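Open your viewer and get ready to click along with this short tour. Each stop suggests a selection and tells you what to look for there.

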Amino acid sequence: MQRIRLRYTKRGRLRFTSHRDFQRAFERALRRAEVPMAYSAGFTPHPKVSYANAAPTGVGSEAEYLEIALAAPRDPEQLRLLLDESLPTGLDVIEAVDARTSGLAERLEASVWQLRLDGVEPDEARRAVAAFLAAETVEVQRTTKNGVRTFDCRAAVARFEVISAADAAAGAADTDAADPGPGAPRSGACAILRLVVRHLTPAVRPDDVLSGLHATADLAPPVPVAVTRLAQGPLDEESGTVTDPLAPDRDAVAVPAGSA
């Protein structure tokens, strides 16, 4: 059974699709592309698809991952092209590799997020980020199905900075990363934040960090913030950078049949 790992995006209006919406669209794409899927056993067999750490609804992403299992071998790049053609524009399959190693989900240790704050001066944002980083703990609240939960969001943030518009454009292929979003002004003050967030329990999301900025520095953007995930993968704690989770699969050399 061949396993293939895919990297896909959520761009433009498609960032508003829920994870369940994407699952339905992806399973339709599998059928449309006539992918020879392996199925689970039991009374209601399902195609073997494993999703990893999906971005929240309303958030753009350049780095979503999933793994599929095939009943018959296929070339990963040809499969990528077929699936990409079968999905709506915005849900774009941009990488496909043979799964030659284990533990993809475990390698997704952190995410790189980019936040566009229209109506906020960069200097104001820098002061807020400095106050956030100087705090030992930053407690925020989130409403869950079990009620309101209070937790520290500071520990999850490995790196946090205000960047220039040029750096933002260079670091993101997705236009959402530079798009102010619905209802936002197209000119005037604008601060762009980039942060690296560890995947901890409970999960800390970009909106939690925004709540933390409000708690520590009274920073409250006047319009909704445009959020894009630029990357997710293994975290280099020393540099605060996130590396490619598919690199081990690309680097692994397939052993020819019959070799010792």
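One cut-off will help on the way: a residue counts as buried under 20% relative accessible area, as exposed over 50%, and as partly exposed in between. Keep in mind, too, that this is a predicted model.

**Stop 1: a helix surface**

Select helix α4, residues 122-134. Here D123 has a relative accessibility of 49%, so D123 counts as partly exposed. R126 is also classed as partly exposed, at 44%. Show both side chains and you will find a salt bridge, with the closest N and O atoms 2.8 Å apart. The two residues sit 3 apart in the helix, which means that about one helical turn separates them.

**Stop 2: strand β3**

Now select residues 60-70, strand β3, where 11 of 11 residues are buried. Bring in its partners one by one:

- Strand β1 (residues 2-10) runs antiparallel to β3, joined by 8 bridges; look for I4 opposite I68.
- Strand β2 (residues 49-52) is antiparallel to β3 as well, with 4 bridges; here A52 faces Y65.
- Strand β10 (residues 226-233) pairs with β3 in the parallel sense over 2 bridges, and G60 stands opposite T228.

**Stop 3: buried charges**

Stay on β3 and pick E64. What does E64 form a salt bridge with? The partner is R229, at 2.8 Å between the closest N and O atoms. This pair links strand β3 to strand β10, across 165 residues of the chain. Both E64 and R229 are buried.

Next, select D249 and R107, whose side chains meet in a salt bridge at 3.1 Å, N to O. D249 belongs to helix α7 (residues 247-251) and R107 to helix α3 (residues 104-107), so this contact ties together parts 142 residues apart in sequence. D249 is buried at 1% relative accessibility, and R107 is buried at 13%. Add R3, R5 and E67 to the selection: together with R107 and D249, they are linked in a network of salt bridges. Across the structure there are 18 salt bridges.

**Stop 4: the largest pocket**

Finally, turn to the largest pocket, which holds about 220 Å³ of space. Its lining has 15 residues, and the closest to the centre are N53, A54, A203, V204 and R205. Colour β5 (110-118) and β9 (190-198) as well, since each supplies at least two lining residues. By class, the lining consists of 9 nonpolar, 3 polar and 3 charged residues.

Note on methods: Residues are numbered from 1 along each chain as its sequence is written. This is a predicted model: local features need pLDDT of at least 70, side-chain atom pairs count only at pLDDT 80 or more; totals for chains, interfaces and linings use all residues. Side-chain values use heavy atoms; hydrogens and water are left out. On a 1 Å grid over the protein atoms alone, a cavity is a set of points where a 1.4 Å probe fits but cannot get out, and a pocket is an open set with protein on both sides within 12 Å along at least five of seven lines; lining residues have an atom within 4 Å of a point. Grid points are joined across faces, edges and corners, and a volume is the space filled by probe spheres set on the points. Ala, Val, Leu, Ile, Met, Phe, Trp, Tyr, Cys and Pro count as nonpolar, Asp, Glu, Lys and Arg as charged, and the others, Gly among them, as polar. Buried means under 20% relative accessible area, exposed over 50%, partly exposed in between (1.4 Å probe, protein chains only). Two strands pair if DSSP finds at least two bridges between them. A salt bridge is a side-chain nitrogen of Lys or Arg within 4 Å of a carboxyl oxygen of Asp or Glu.
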